[in-house]
Amino acid sequence: MAGHSHWANIAIKKGIADKKKGKLFGKLSRLIMVAARNAGPDPTTNLALRYAIDKAKANSMPKDNIERAVKKGAGEGGGAGFEDILYEGYGSHGVAILCDILTDNRNRTAGEVRKIFEVHGGNLGATGCVAWMFERKGVFVVPTSAVEEDKLFEVALDAGADDVALSGENFEVTCKPEVFQAVNEALTAARIPTEVAEVSRVANQNVDLDVEAARSVLKLIDILEDNDDVQSVTSNMNIPPEIMAELSK
């Protein structure tokens, strides 16, 4: 992770999501429904469902909403059949973008997403055009003020994490997706708080952006995130701290 903070991109995504809490609950409901449909309604045996529920709880989604989504996914209440799709493309300035989609109408969503890319200076690409630039990893962000570095190293690495790196005022812990839950439980048991705990795609090469380029790409991501069928958007943009400071003015 040298030279690049995954937390910076997460913070941008979180800021967008916080502005759209109502839509976020709808997207989280879909995620829970699909996980329950694919591998059953018991989160103790369905790790994807456990992750989806944990993510919903972390975003303050009401318990009743979570339970209703699980039941729909398990076949109660006539839940719609959603399809899980990954769309790939490029934003302006050569930034690679991935969109995780859950849709009940592939043709509608493809048309909407393609138009968003085109209107905002990008283009939707073919399958595989940018996914090779990303690797799925478990990512935890821990404030440096919350724990001593040695303790975090010991707890995280003993639980199976691959790395602990310092990034500004945070530690970033990364692991393979299959040990995400084990690392999450170890951090919880050790009372180590996390700002972020998620399985996401991490870019293995990044594009540094200046102020105008960053504004352009962030606008595209914002509009994509606003689409009901888009679960999340991941890019390989890197916004240096001085540019982040300029954008926040």
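1. Helices and strands are here DSSP runs, with at least four residues (H or I) for a helix and at least two (E) for a strand, numbered from the N terminus. On that basis the protein chain of this predicted model has nine helices and 10 strands. Of its 249 residues, 48% count as buried. Among contacts between residues at least 6 apart in sequence, 72% join residues at least 24 apart.

2. One open sheet consists of four strands in the order β3-β1-β2-β9, with antiparallel pairing. Its edges are held by β3 (123–124) and β9; each has a single partner strand, so one side of each is left without a neighbour in the sheet.

3. The pairing of β2 with β9 can be followed residue by residue. Five bridges join these two antiparallel strands. I101 has V230 of β9 as its bridge partner, and I97 stands opposite S235, also in β9. Although β9 stands at an edge of the sheet, the strand is mostly covered, six of its six residues being buried.

4. Two helices should be considered together with this sheet. α5 lies across β1, β2, β3 and β9 and runs at about 20 degrees to β1. α8 also packs on the sheet, where it touches β2 and β9; the direction of α8 makes about 160 degrees with that of β9.

5. The relation between these helices is also defined. The axes of α5 and α8 come within 10 Å and cross at roughly 165 degrees. Angles over 145 degrees count as roughly antiparallel, and α5 and α8 are therefore roughly antiparallel to each other. The crossing of α5 past α8 is right-handed. On the α5 side the contact is made by V113, I116 and F117, and on the α8 side by L220, I223 and L224.

6. The largest nonpolar core has 25 residues. Which residues have the most contacts inside it? They are Y87, I97, C99, V113, F117, L224 and M237. At least two core residues come from each of β1 (83–90), β2 (96–103), α5 (106–119), α8 (211–226) and β9 (230–235). The most is given by α8, with eight residues. V113, F117 and L224 thus appear twice in this note: they are listed among the core residues with the most contacts, and they take part in the contact between α5 and α8.

7. C99 merits separate attention. With its neighbours within four places in sequence left aside, C99 is in contact with I85, L86, Y87, F117, L224, S232 and V233. Among these partners, Y87, F117 and L224 are, like C99 itself, listed with the residues that have the most contacts inside the core.

8. A further open sheet has four strands in the order β5-β6-β4-β7, and here too the pairing is antiparallel. The edge strands, β5 (163–167) and β7 (196–203), each pair on one side only. From one strand to the next, the twist averages 35 degrees.

9. Within that sheet, eight bridges join β4 (residues 134–143) to β7, and the two strands run antiparallel. G138 stands opposite V199 of β7. Helix α7 (residues 180–189) packs on the sheet and touches β4, β6 (170–175) and β7; the direction of α7 makes about 5 degrees with that of β4.

Notes:
Residues numbered from 1 in each chain as written. Predicted model: local features only at pLDDT ≥ 70, side-chain atom pairs only at ≥ 80, totals over all residues. Heavy atoms only, no water. Core = buried A, V, L, I, M, F, W, Y, C linked by side-chain atoms within 4.5 Å. Buried < 20%, exposed > 50% of the residue type's maximum accessible area, 1.4 Å probe, protein only. Contact = heavy atoms within 4.5 Å. Pairing = 2+ DSSP bridges. Axes fitted to C-alpha atoms, helices over the stretch in contact; angles between N-to-C directions. Parallel < 35°, antiparallel > 145°, perpendicular 65-115°, else oblique. Left-handed = near helix turned anticlockwise from the far one by under 90°.
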